[in-house]
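The following note sets out points on the structure for a colleague's consideration. Comments are grouped by region and numbered for ease of reply.

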Amino acid sequence: MTDLSTTLGPLRLKNPVMAASSEATMTEDGIRACLDAGAGAVVAKSVNESPAAARQLYIADYALLGDDGDPVEWQQRTGGETLLCRSGLASRDGWLEMLKRANNHARGLGAHVFGSITVADPEPAAEIAREMAEVVPAIELNVGAPHGREARAVKQITGPEMVAQYTRTVRDAVDVPLIVKLPAQADSPQALAAAARDAGADVVAMIGRFNGFWPDPLTSEPVLGSWGAVGGPGMLPVSLYWVSKTFAADRETPLIGTNGARSAADIARFLLSGARAVEVASAVLLNGPGVLGNLVTGLDEVLAAGGYTRAADAIGAAVDRARAYADIPPNPEPLRPWEET
Ligand SMILES: Cc1cc2nc3c(=O)[nH]c(=O)nc-3n(C[C@H](O)[C@H](O)[C@H](O)COP(=O)(O)O)c2cc1C
């Protein structure tokens, strides 16, 4: 058996498989199902101070795109589709009590529930964080929601100075570990990670989903009838790029990987790129929370097959083997593999 335990700053996780914040973690039942399936930690659905952000959930919609790009009915899904959606946030009514009960359940399983805030303004985020810190062991501050480009009720922060300002404001309000979740769409998520760290983040989660748009060639209608946020297997190399570059520049700040993990091998890919844990949302929404247990079991097998007895030893191992372009010896002739039969 592989030792799957990992750490995020002062927090110990029994395994690196986390349920990411999403509609799958928006109710106590949903969170408990993720915990019962074996997740090392669950990030609850985000809230913020804006009633409009919670109302936005009532215009939410979720489309699946198959390998050929055509929409797939939810009943026909295979589980590997790309998810294009509009989403909103949870209502704060009874939220803290729910988080407290869910985290008590988590403790009985050696796991954790983290609270989550998808930001609108920094000071109210700090106030919500202060309340949450009474009932959960850590808080994730999502400064990068792609919906921030479409709706005012949440903000997508893409510059280092603003990331630092949001991080510092919330950091000053709480003593519990603070995870700052960064956007995919920034000039350099690596620079944002450094800004979050310098402003007091204990852990950095990267990278959020992208904004997306998908017209149907037969009807000329955009799928969902609007712009949206997108994530899918195709995003994984991009997520791994930024995790690995951030790890290469700073091996001390714990990283959580997110965006694109669908299988146990993908979880291992995130670890090998430098993440200490991995947040999974789409696979849970598409396959149900039980998939988290499969990911944990599968990760044990994948790491063992790769020669690891401890997940901790895999963290960043591929980064150590990656060469700079300048260090790659030239071929005698430029390669042309597309001409090979
Ligand atoms: C329907 C949906 C709702 C989401 N809601 C939130 C949210 O409220 N807060 C947040 O930080 N991330 C949210 N996310 C982003 C996920 O937490 C996760 O980081 C992202 O989907 C990438 O992981 P994946 O490839 O496993 O889906 C949401 C994602 C989806 C698909």
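1. The end C-alpha atoms of residues 94-303 lie 41 Å apart, and this span is 43% helix and 16% strand. In an unreviewed UniProt entry, residues 94-303 carry the annotation "domain: Dihydroorotate dehydrogenase catalytic". The model discussed here is a predicted one.

2. Strand β15 (277-280) pairs with two strands described here. Strand β3, residues 17-19, pairs with β15 in the parallel sense over three bridges, and the bridge partner of Val-17 in β15 is Val-278. Strand β14, residues 255-258, likewise pairs with β15 in the parallel sense over three bridges. In that pairing, Ile-256 has Ala-277 as its bridge partner, and Thr-258 stands opposite Glu-279. The side chains of β15 alternate: Ala-277 and Glu-279 point one way, Val-278 and Val-280 point the other way, and all are buried. Glu-279, a charged residue by class, is thus among the buried residues of this strand.

3. Strand β14 also has a parallel partner in β11 (residues 203-206), again over three bridges. Within this pairing, Val-204 is placed opposite Leu-255. Leu-255 and Gly-257 point one way from β14, whereas Ile-256 and Thr-258 point the other way; all are buried. Together with helix α8 (residues 264-272), β14 and β15 form a β-α-β unit that is right-handed.

4. A second arrangement of strands is antiparallel. Five strands make an open sheet in the order β6-β5-β7-β13-β12. Its edge strands, β6 (71-72) and β12 (210-212), each pair on one side only. Between β5 (residues 61-65) and β6 there are two bridges in the antiparallel sense, and Leu-64 of the pair stands opposite Val-72 in β6.

5. How many cavities of 30 Å³ or more does the structure hold? There is one, and the space in this largest cavity amounts to about 580 Å³. Of the 39 residues that line the cavity, Ser-21, Ser-22, Lys-181, Arg-209 and Ala-281 are the closest to its centre. The elements that give two or more residues to the lining are β7 (82-86), β8 (112-118), β9 (139-142), β13 (228-231), β15 (277-280) and α9 (282-287). By class, the lining divides into 14 nonpolar, 18 polar and seven charged residues. Two of the contributing strands, β7 and β13, belong to the open antiparallel sheet of point 4.

6. The largest pocket has a volume of about 250 Å³. Two elements, α7 (236-249) and α12 (317-321), give two or more residues to its lining, and α7 gives the most, with four. The lining residues include Tyr-241, Ser-244, Lys-245 and Ala-248, together with Arg-323 and Tyr-325. In composition, the lining has eight nonpolar, two polar and two charged residues.

7. Several backbone features merit inspection before the model is used. Most residues other than glycine have a negative phi, and most peptide bonds are trans. The peptide bond joining Met-206 and Ile-207 is cis, with omega at about 0°; Ile-207 lies in the loop between β11 and β12. Ser-220 has a positive phi, near 65°, and its place is in the loop between β12 and β13. Asn-259 also has a positive phi, of about 95°, although it is not a glycine, and lies in the loop between β14 and α8.

8. Are the two residues with positive phi buried or exposed? Ser-220 counts as exposed because its relative accessible area is 63%, over the 50% cut-off. Asn-259 counts as buried because its relative accessible area is 6%, under the 20% cut-off.

9. A last remark concerns Thr-158, in the loop between β9 and α5 (160-171). With a relative accessible area of 34%, Thr-158 is partly exposed. Thr-158 and Thr-253 are 95 residues apart in sequence, and their C-alpha atoms are 20 Å apart in space.

How values were computed:
Residues numbered from 1 in each chain as written. Predicted model: local features only at pLDDT ≥ 70, side-chain atom pairs only at ≥ 80, totals over all residues. Heavy atoms only, no water. Pairing = 2+ DSSP bridges. 1 Å grid on protein atoms, 1.4 Å probe; cavity = no way out; pocket = protein on both sides within 12 Å on 5 of 7 lines; lining within 4 Å. Points joined across faces, edges and corners; volume = space filled by probe spheres on them. Buried < 20%, exposed > 50% of the residue type's maximum accessible area, 1.4 Å probe, protein only. Right-handed = clockwise from strand over helix to strand, strands pointing away. UniProt positions renumbered as here; feature names shortened; annotations may be inferred.
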